[in-house]
Amino acid sequence: MIGFPAGHYSRALLQALEFPVVLEKIAPYATCEPGATAVRALLPVLAVEDAEAELRLVDDASAYLQVGGEAAFGGVEHVGAAIDWAEKGASLSGTDLARIAHTEKSLSDAGSSIDRADEEARRFTRLTLTARTRADTRELVRALASAIDEEGAVLDAASAALAKLRRQRRTLHDEVREHLTRIVRNPATAKLLSEPIVTVRGGRYVVPVRAEVAGELAGVVHDQSASGNTVYVEPLAAVAANNRLRGIDVAEEREVARILSDLSAHVARYADALRANGALIIRLDSVFARARWALENHALRPQLSDERAVRINRGCHPLLAHKPVPLDAAVGESSDALILSGPNMGGKTVVLKTIGLFCLLAYAGVPLPAAPGTRIGRFDHIACIIGDEQSIADDISSFSAHLRALRAAYDRAGPRSLVLVDELGSGTEPGAGAALAQAFVEGVLARGGAAVVTTHYTQLKVFAASVERVTNASMLFDSESNQPSYVLAMGVPGQSLAFSLARSLRLDQSLISRAESLLGSEADKLERAFAQLSAESERWRLEREQLEREREGTRGLEAQLKRKLVAFERQRSDWDAASATALEKAVRSVREDVLAQAQRSAADSRRRGTAAAMRVEPQQLEAARAEMRRTLGLVEPTTPAPAPAAVRPGDRVTVRTLGRVGVVSEVYERDVLVSVGNMKTVVSPSDLELESGSGRDEAAGQIKRSSPGAVHAIASAKAQEAATTIDVRGMRVDEAVPLVDKALDDASLSGLASLRIVHGKGTGQLSKGIRDFLSGHVQVGHAAFAGDPDGGSGVTVVTLR
């Protein structure tokens, strides 16, 4: 970013507001040293548009990080000097070339990652456009990658000549070592050696020979140990091979130098592109460092405006070590001057610094640790006067230094000025200091500027209460604990609390009383009024915070209930759809099974001339389907369910779901045990209907007995509806068994004595499977093959219990 022109924001101002200290805290969030250096070098910009663009870029980087993206430039170093040398015709080292290749690859990887994320989320437009400004250096990167490894060594693949030389070198190297190894292992020469090894001296292979017998091994001495006890000898038999090896080394060095020179010239052709990409990496790393810091410190992009105004919502100074109390402050909107008062150590100076620092950070492209609604206007000039600037060497007193700073600030004050002064007018006689302070504020306002000043002067507090567009503000103080609350109260003048503090420190009460009497009744009344206002402001603040917490809790509960309702509706919809699908599937399956069985039973009955074949009417299927829908709750019942019958043991009842008449055996708390034919079943009382001819008058509770003939007629009707024969020929065992089981149930409920199962002879597997199933069935009394005239082993006759 381009900083303010010289003279707009001085280094002294940046230091006074601790701007460099904040940047130093952000710098470690960069991933490379050039990026960290760029963070430390950030300066506020002059134009709102430039600052807004930078903040939105940081915003995009934060969004990218939040979806799992990353832009790491670890290992990237400054390569500008290397590029300059290449442009001047110098040959770069392999290490320099590797650094350039790594820098370009890091930028390419980051750009590709940002592109992919933006295609999916469409949330990082500015960041994507910025990353896409990288210059195309792919051809250079390919050339470097094919010739230089990550450590800067030249690869064999860099040229055919280099590959050939290195193959020759390896072959000759092995030959020389093998020759010297034979010397080392030869008993005749091994005794001459100080140790049995082959080593290198001066680029030539040698063996260590004891100095006293060096003349016994013919060769060339290349070195001597520090003790002089060992000399390193190149045997004559290895001289020729070593010479050839040395010649290959020289040729290899020349080829490597040629390759590095060619690659350096290639780098020079891309010099401008490489410089632009290097600057882009530094910029991106600086942006991502601020984004990481912002996410960790809950900082956000403030609203920037061209107005001369500042509003901070729940802002926190980024350098406070403890958990800070959020600050709410405004200047330049409804008031142009803020007169900030209150006890010492209450946080007045922190408020002053926070307002100034937020202006600098926002226009330097740094998100602010504050809540939404924070707005920073544009100031061409900010003056900050904090601390004691006396100089013994220059014979300047504290008050003189204070006056010089006030003069400098006032001389430059204008319509775009923000003047911040701590303890305005202090260091001299209080009456004169207060008058000077009021005059200074009036002068800044007359020039169109804005001011925030801290003071203990009552005169300034009265001035703020009586002049339009000048507002009192104070740091609230807990009178019970005598501790500051660090809460800024707008519109309320602060107390000095000198006497309260004196009492808490146990100063002699007589001294305090005398001081109060000297202060005068009017001043005492004013202090008491200030105290009352402060207490009232604190009470309203606490109540407002409580209401806000309750409102947030209500919003949370409302949101939770809405989420649960949506989830419930979705679950109910899914269940309805699944139930309807399952019902349709079950009905189709039952229809197909029943129709198939009916067709087989009808065919068997026609063959045998019986009238007991099963008949299935479409009306019956539809009735069953409607009942299933009603039971599953997919449709509302059209008529109310009948009231449960009042029954007792011995009553004859109709079981509605079975369509059978039975006798009540036992009555439980919720259910009734009913004997139906030769079986017993437990049903709900609501499923029973007391037989009108059962012998018990419902009104009087008298028992009546129905005639056996009526019961027999009902049972006979049910028996006619049941099939006496079931045909499962051609089915598998697992298909036939459920049908046989159902036929047994139907026959038992209908009071039949027997059931014929037609399974055919075939391989006998179906017959065996059915017989095995019947052998343990509770409703089967006996099962045997039919006689030869009735089907023999192809039919099993079951006698029911």
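Colleague: How many of the five residues of strand β11 are buried?
Modeller: In this predicted model, β11 covers residues 417-421; strands (E, at least two residues) and helices (H or I, at least four) are DSSP runs, numbered from the N terminus. Buried means under 20% relative accessible area, exposed over 50% and partly exposed in between, with a 1.4 Å probe and protein chains only. Ser417, Val419 and Val421 point one way and Leu418 and Leu420 the other way, and all are buried. The strand is therefore largely enclosed by the rest of the structure, and the count is five of the five.

Colleague: Good start! What kind of model is this?
Modeller: Residues are numbered from 1 along each chain as its sequence is written, and side-chain values use heavy atoms, with hydrogens and water left out. Local features need pLDDT of at least 70, side-chain atom pairs count only at pLDDT 80 or more, and totals for chains, interfaces and linings use all residues, this being a predicted model.

Colleague: Back to β11: which residue in β12 is the bridge partner of Val419?
Modeller: Two strands pair if DSSP finds at least two bridges between them. Five bridges join β10 (residues 381-385) to β11 in parallel, with Ile382 partnered by Leu418. Strand β12 (residues 450-455) also pairs with β11, in the parallel sense over four bridges. There, the partner of Val419 is Ala451.

Colleague: In the sheet with the order β5-β9-β6-β7, which strands stand at the edges?
Modeller: This is an open sheet of four strands with mixed pairing. Inside the order, β6 and β9 (residues 375-376) pair in the antiparallel sense over two bridges, and Arg311 stands opposite Arg375. Two strands have a single partner each, so one side of each is left without a neighbour in the sheet: β5 (303-304) and β7.

Colleague: And which helix packs on that sheet, touching β5, β6, β7 and β9?
Modeller: Contact means heavy atoms within 4.5 Å. Axes are lines fitted to C-alpha atoms, for helices over the stretch in contact, and angles run from 0 to 180 degrees between N-to-C directions. The helix spans residues 348-363 and its direction makes about 105° with that of β6; its name is α13.

Colleague: Is His317 buried or exposed?
Modeller: His317 sits in the loop between β6 (310-315) and β7 (327-331). Leaving aside residues up to four places away in sequence, His317 touches Glu18, Val350, Lys353, Thr354 and Leu357. Because its relative accessibility is 7%, His317 counts as buried.

Colleague: What distance separates the C-alpha atoms of Leu488 and Ser474?
Modeller: Leu488 belongs to strand β14 (residues 483-490) and, at 11% relative accessibility, counts as buried. Beyond residues up to four places away in sequence, its contacts include Leu327, Leu340, Val351 and Ser474. Leu488 and Ser474 are 14 residues apart along the chain, and their C-alpha atoms are separated by 5.7 Å.

Colleague: Which strands are at the edges of the sheet ordered β1-β2-β4-β3?
Modeller: This open sheet of four strands has antiparallel pairing. One pairing joins β3 to β4 (residues 230-235) over five bridges, with Gln224 opposite Val231. The strands that pair on one side only are β1 (199-201) and β3 (219-224).

Colleague: What angle does the direction of helix α11 make with that of β4?
Modeller: Helix α9 (residues 160-185) lies across β2 (204-210) and β4, at about 10° to β2. Helix α11 (residues 236-269) packs on the sheet and touches β2, β3 and β4. Its direction makes an angle with that of β4 of about 80°.

Colleague: How do the residues of the contact of α5 with α12 divide?
Modeller: The axes of α5 (residues 80-87) and α12 (residues 271-296) come within 10 Å and cross at roughly 175°. That makes the two helices roughly antiparallel, since angles over 145 degrees earn that label, under 35 roughly parallel, 65 to 115 roughly perpendicular and the rest oblique. Ile83, Asp84 and Glu87 meet Ala271, Asp272, Leu274 and Arg275. With Ala, Val, Leu, Ile, Met, Phe, Trp, Tyr, Cys and Pro as nonpolar, Asp, Glu, Lys and Arg as charged, and the others, Gly among them, as polar, they divide into three nonpolar, no polar and four charged.
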